[in-house]
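This report looks at one helix and two single residues, and describes how each is placed. Please keep the sequence and the structure in view while reading.

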Amino acid sequence: MKILISKKAYKEISKLSLKMQEVTANVLEEIIESENIEQVVNAKKMRGHSSAYKIWLSGEYRMGLFVKDNIAYITTVKLRSTIYNTFP
């Protein structure tokens, strides 16, 4: 599976601690190696949206992404308390 990271998500990832950046990198590698998003551990479909998914990273952090034609568009990486205000 291919991934595309939005400029906003890239900025958010760069502001995370080094430990969280490593966790995020591991999740991104897992997405790349998987055949589809259902194979990614901790990936859950968002209710009410046909292509929106969330992935639990570690602790309180979540990754928001859209999947279309076997391409994952990473749009945001935020705390659980704030991600659902803007995603999806």
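## Helix α2

Helix α2, residues 18–33, has 16 residues and reaches 23 Å from its first C-alpha to its last, close to the 22 Å expected at 1.5 Å a residue, where the expected span is 1.5 Å times one less than the number of residues. Helices (H or I, at least four residues) and strands (E, at least two) are DSSP runs numbered from the N terminus. This is a predicted model, in which local features need pLDDT of at least 70 and side-chain atom pairs count only at pLDDT 80 or more, while totals for chains, interfaces and linings use all residues. Residues are numbered from 1 along each chain as its sequence is written, and side-chain values use heavy atoms, with hydrogens and water left out.

## The two sides of α2

In α2, the residues M20, V23, T24, V27, L28 and I31 are buried (under 20% relative accessible area, against over 50% for exposed and in between for partly exposed, with a 1.4 Å probe and protein chains only). They cover an arc of only 140° around the axis, taken from the directions from the helix axis to the C-beta atoms, and therefore lie on the same side of α2. The cover over these buried residues includes β1 (2–5), α1 (7–14), β3 (52–58), β4 (61–68) and β5 (71–79). On the other side of α2, L18, K19, E22 and E33 are exposed.

## Residue T76

T76 is found in strand β5 and is buried, with a relative accessible area of 2%. Its side chain is joined to that of E12 by a polar contact of 2.9 Å (a pair of N or O atoms within 3.5 Å; within protein, one must be able to donate a hydrogen and the other to accept it, and residues adjacent in sequence count only if both atoms are side-chain atoms).

Conventions
Contact = heavy atoms within 4.5 Å.
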